[in-house]
Amino acid sequence: MIHGIVIIHKEKGFTSHDVVAKLRGICGQKKIGHTGTLDPEATGVLPVCLGSGTKLCDMLTDKDKEYVTELLLGVETDTQDMTGTVLARHPVSVSQEQVREAVLSFGGSYMQVPPMYSALKINGKKLYELAREGKEVERRAREVRIEEIEILQMQLPVVRLRVVCSKGTYIRTLCADIGQKLGCGGVMESLVRTRVGKFSLEEALTLEQLQELKDQGRLAEAVAPVESVFGSCPVLHVRRDLEKLLDNGNPLTVEQTAEKERYAPGRWVRVCWPDNRFAGIYVYDEGKRRYQPVKMFLEQE
């Protein structure tokens, strides 16, 4: 079984589930999971986890994301992007300075109402399923954070933006909210996810490129080790005579590590076997005076 992370450059027309299904065929294994959906019409970075790496899925979902999007002013649709039904068209009489002011005003935290065409569930049913039935339900606004927002190009009525945002931010809703603020409406015309956490578009591979590597017997070159996600965390090794403690994911005292180093409570550390194989992420618990496992990544066939 392959363990690790593959950074996919998702192409238009594929759902995130399509990508996983095709990867199962390429890698010849079932244990594969993605790290958060990307709309079929969107393209860009989609980290996919393999084997023991599937335990990373929830950790990577929480990472900040970077997008490049095109906002088309003067149009409103039911999906907030160009795949939906046009609800209204308005003249775009705003100036570039007014657009710049409106765009930049969304920097920082703001309360965003999730779109009806989304996978969020209300009473066990996905919102987009209700929307397709012609139903609209009340959605509670959620706080999202726009870490960075930058205008890359402006040729009204189209504005090209770069956005760095928190988990749970809908870029098409951001586009619609900017249009609403300007009084002319707006929709997302295109979307490319350029980064998820430390993984960027430059290192991403298409499914076709991955298949070529498989055919050449070079698939391993595309798989990043699970440990690479935690590159900034310090490393501790279990003592050679206590290796079995890691096999069961047991807590470790400072004295049970080769380094006998105590890091600040709350700081994640990588714990490895004496031969440097990665076992899991631990954190020091001041009350219990020992390192407690956060998540183990034991590679089991």
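Start by selecting arginine 100: with a relative accessibility of 33%, this residue counts as partly exposed, because the partly exposed class runs from 20% to 50%. You are looking at a predicted model, so treat each stop on this tour as a feature of that model.

**Stop 1: helix H3**

Keep arginine 100 selected and add glutamate 97. Their side chains meet in a salt bridge, with 3.6 Å from N to O. Now colour residues 96–104, which make up helix H3. Both partners sit in this helix, 3 residues apart, or about one turn.

**Stop 2: arginine 162 and its partners**

Next, select arginine 162 together with glutamate 148. Here too the side chains form a salt bridge, at 2.6 Å between N and O. This pair links distant parts of the chain: glutamate 148 belongs to strand S10 (residues 142–155) and arginine 162 to strand S11, with 14 residues separating them. Is arginine 162 buried or exposed? Arginine 162 has a relative accessible area of 18%, which means that it is buried, the limit for that class being under 20%. Glutamate 148, at 39% relative accessibility, counts as partly exposed.

Zooming out a little, you can follow the shared partners: Glu66, Glu148, Glu150 and Arg162 are joined by salt bridges into one network. Show glutamate 66 next. Its salt bridge with arginine 162 has its closest N and O atoms 2.8 Å apart. This is again a link between distant parts of the chain, from strand S4 (residues 65–73), which holds glutamate 66, to strand S11 (residues 158–165), which holds arginine 162, across 96 residues. Glutamate 66 is buried, as is arginine 162. Across the model, the count of salt bridges comes to 12.

**Stop 3: a cis proline beside S11**

Stay in this area of the sequence and select leucine 156 and proline 157. The peptide bond from leucine 156 to proline 157 is cis, and its omega is near 15°. Proline 157 is placed in the loop between S10 and S11.

**Stop 4: two loop residues with positive phi**

Now jump to glutamine 80. Its phi is positive, about 70°, although the residue is not a glycine. You will find glutamine 80 in the loop between strand S5 (75–77) and strand S6 (86–89). Glutamine 80 is buried, since its relative accessible area is 18%.

Then select lysine 260, another non-glycine residue with a positive phi, in this case about 50°. Lysine 260 lies in the loop that runs between helix H7 (244–247) and strand S15 (268–272).

**Stop 5: the four-stranded sheet**

From S15, bring up the sheet around it. This is an open sheet of 4 strands in the order S14-S15-S16-S17, and its pairing is mixed. Strand S14 (235–237) and S17 are the edge strands, each pairing on one side only. From one strand to the next, the twist averages 40°.

For a closer view, select S16 (residues 278–285) and S17 (residues 290–296): these strands run antiparallel and are joined by 6 bridges. Which residue of S17 is the bridge partner of glycine 280? The partner of glycine 280 is methionine 296, while isoleucine 281 has lysine 295 as its bridge partner in S17. The two strands form a hairpin with 4 residues between them. In the turn, pick out arginine 289, whose phi is positive at about 55°.

**Stop 6: helices H1 and H6**

Select helix H1 (residues 16–27) and helix H6 (residues 207–215). They pack at an angle of about 10°, and their axes are 10 Å apart. H1 and H6 are therefore roughly parallel to each other, as angles under 35 degrees fall in that class. To see the contact, show Val19, Lys22, Leu23, Gly25 and Ile26 of H1 along with Leu207, Leu210, Gln211 and Lys214 of H6. The residues of this contact divide into 5 nonpolar, 2 polar and 2 charged.

**Last stop: the whole chain**

Finally, clear the selection and view the protein in full. It has 7 helices and 17 strands, and its C-alpha trace spans about 75 × 50 × 40 Å along the principal axes. Of its 301 residues, 48% count as buried. Among contacts with a separation of 6 or more, 65% come from residues 24 or more positions apart.

Key: Residues numbered from 1 in each chain as written. Predicted model: local features only at pLDDT ≥ 70, side-chain atom pairs only at ≥ 80, totals over all residues. Heavy atoms only, no water. Salt bridge = Lys/Arg side-chain N within 4 Å of Asp/Glu carboxyl O. Buried < 20%, exposed > 50% of the residue type's maximum accessible area, 1.4 Å probe, protein only. Pairing = 2+ DSSP bridges. Axes fitted to C-alpha atoms, helices over the stretch in contact; angles between N-to-C directions. Parallel < 35°, antiparallel > 145°, perpendicular 65-115°, else oblique. Contact = heavy atoms within 4.5 Å. Nonpolar A, V, L, I, M, F, W, Y, C, P; charged D, E, K, R; others polar.
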